[in-house]
Amino acid sequence: DSCNLPAAVLGLLQSAGSFSRLPISIQTPRKTSGLRLRCGSFTIPHPNKAASGGADSCFFTTEGAAFGVADGVGEWEWRFRINPRAFADEMMQGCGRRAEETIQEETPAELRAQDALATGYGGATSFGSATALVACLDKEGSKLGVANVGDSGLMHLRRKDSIASSVIGRTNEQQHRFNCPYQLSRLPTEEDFPRLLAEGRTALVNLLKKNPTVYQDSPADADLYTFDL
C-alpha cells in the first residue's frame with residue numbers, strides 16, 4: 001500500500017503531470033557554430049552472433065568531430081565461416097583515423113565524410129561486406145556532412161521545447177532492389193583461392209568462380225548530405 005511509504009519516497013513517485021514543463025523562453029539560446037558531437041554506442045548482438053560480438057561496428061572521434069556506423073553482413077559467418085565484424089571494424093577504424101587527420105581542413109564536411117569513408121574502406125584487409133555511414137562536422141562546427149552507402153540512416157532532430165522534437169532532415173536508403181541495399185565489400189581474388197580451399201571454404205571459392213565479375217558498390221556511390229546545425 002503506497003499510503004504506508006515514507007513521505008520522501010511518495011514525493012519521488014509523483015506523476016509526471018505534477019511537474020511543470022520547462023518554458024522554452026528560458027532555455028539556453030540555440031548555438032549555430034562551435035558545436036561538437038557527444039557520441040556513445042551500445043550493441044546487443046543476436047544470440048547466434050554473440051561469439052563474434054555481432055556483425056556491426058562504429059567509431060566516434062575523441063574531438064567530437066565525427067562518427068560512423070557500419071552494418072556488417074552476417075551471411076559471411078553462417079555461410080562461409082568468416083567473421084563479418086572484422087571487415088566492419090577495420091573500415092570504421094580507418095574512417096576514424098582519417099576523420100581525425102582532417103578536422104582542421106576547409107574541405108566541405110560532406111566531402112570529408114566521403115574521404116574518410118573511402119580511406120577506411122581502402123584500408124580494410126578482411127573479407128566481408130557492410131553498409132556504412134560517416135558524418136563529420138565542418139571546421140566551424142556549424143554544419144554536419146554525411147556520406148551514406150546503403151540503408152543505414154541518420155535523422156537530424158531539433159528540440160521544439162523541453163519534450164517535443166521536430167525532424168529537420170534525414171538520409172535516404174540506397175537499394176538496388178528490395179532487401180538488396182548498396183554495400184561496400186572486400187572479396188577474395190584468385191590469389192586467395194588456394195588458402196581459402198586449404199581452410200575448407202570451398203563454398204566461397206565456388207561462388208566466386210561462378211560469378212567472376214561481381215559488381216561492387218564503392219564510396220563514390222555514397223549519397224552526400226549537409227545539415228545546418
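These are my notebook entries on salt bridges, surface patches, one helix face and a few backbone details in a predicted model.

**Entry 1: salt bridges**

I began with the charged pairs. How many salt bridges does the structure hold? I found nine salt bridges in the structure.

I looked up Arg79 and Glu75, whose side chains meet in a salt bridge at 2.6 Å, N to O. Both residues sit in helix 2, which covers residues 75-80. They are four residues apart, about one turn of that helix. I noted the general rule beside this pair: an α-helix has 3.6 residues a turn, so residues three or four places apart point the same way. I then checked the exposure of each partner. Arg79 has a relative accessible area of 40%, so I put it down as partly exposed. Glu75 is partly exposed too, with 29%.

My next pair was Lys139 and Glu106, with a salt bridge of 3.1 Å between N and O. This pair links distant parts of the chain, its residues being 33 apart. I placed Lys139 in the loop between strand 3 (128-137) and strand 4, and Glu106 in the loop between helix 3 (84-101) and helix 4. Is each partner buried or exposed? Lys139 is partly exposed, because its relative accessibility is 34%. Glu106 counts as exposed, because its value of 58% is over the 50% cut-off.

**Entry 2: a salt-bridge network**

I moved on to Glu199, which forms a salt bridge with Arg195. The closest N and O atoms of Glu199 and Arg195 are 3.4 Å apart. Glu199 is partly exposed at 35% relative accessibility, and Arg195 is partly exposed at 41%. Which residues are linked with them in a network of salt bridges? I wrote down Asp192, Arg195, Glu199 and Arg201 as the linked set.

**Entry 3: patches on the surface**

I looked for like charges that gather on the surface. Asp56, Asp71, Asp151 and Glu173 form a patch of negative charge there. I followed up one of them, Asp151, and found it in the loop between strand 4 (143-149) and strand 5 (155-159). The relative accessible area of Asp151 is 31%, so I have it as partly exposed. That value also passes the patch criterion, because patch residues need over 30%.

I then turned to nonpolar side chains. Which residues make the nonpolar surface patch of about 290 Å²? My list reads Met155, Leu157 and Val167. I placed Met155 in strand 5.

**Entry 4: helix 6, one face and the other**

Helix 6 runs over residues 202-210, and I found Leu204, Val205 and Leu208 buried in it. Why do I say that the buried residues line one face of helix 6? Seen down the helix axis, they fall within an arc of 95 degrees, so one face is what they line. I checked the other side of helix 6 as well, and there Lys209 and Lys210 are exposed.

**Entry 5: helix 4 and its contacts in space**

I looked up two residues of helix 4, which covers residues 109-123. Ala109 lies in this helix. I have Ala109 as buried, because its relative accessibility of 4% is under the 20% cut-off. The C-alpha atoms of Ala109 and Lys139 are 7.9 Å apart, with their positions 30 residues apart in sequence. Lys139 is the residue I had already met in the salt bridge with Glu106.

Thr119 is also in helix 4. At 35% relative accessibility, Thr119 is partly exposed. I took its C-alpha separation from Gln93 as well, and noted 9.9 Å for two residues 26 apart along the chain.

**Entry 6: positive phi values**

My last search was for positive phi in residues other than glycine. Arg81 came up with phi near 60 degrees. I located Arg81 in the loop between helix 2 and helix 3.

Asn179 is not a glycine either, and its phi is positive at about 60 degrees. Where is Asn179 placed? I found Asn179 in the loop between strand 7 (175-177) and strand 8 (180-181). Asn179 counts as exposed, because its relative accessibility is 64%.

Note on methods
Residues numbered from 1 in each chain as written. Predicted model: local features only at pLDDT ≥ 70, side-chain atom pairs only at ≥ 80, totals over all residues. Heavy atoms only, no water. Patch = residues over 30% accessible without salt bridge, like charges linked within 9 Å, V, L, I, M, F, W, Y side chains within 5 Å. Areas by Shrake-Rupley, 256 points an atom, 1.4 Å probe, with all protein chains shown as cover. Salt bridge = Lys/Arg side-chain N within 4 Å of Asp/Glu carboxyl O. Lys, Arg positive; Asp, Glu negative; His and termini not counted. Charge placed at Lys NZ, Arg CZ, Asp CG, Glu CD. Buried < 20%, exposed > 50% of the residue type's maximum accessible area, 1.4 Å probe, protein only. Arc of directions from axis to C-beta.
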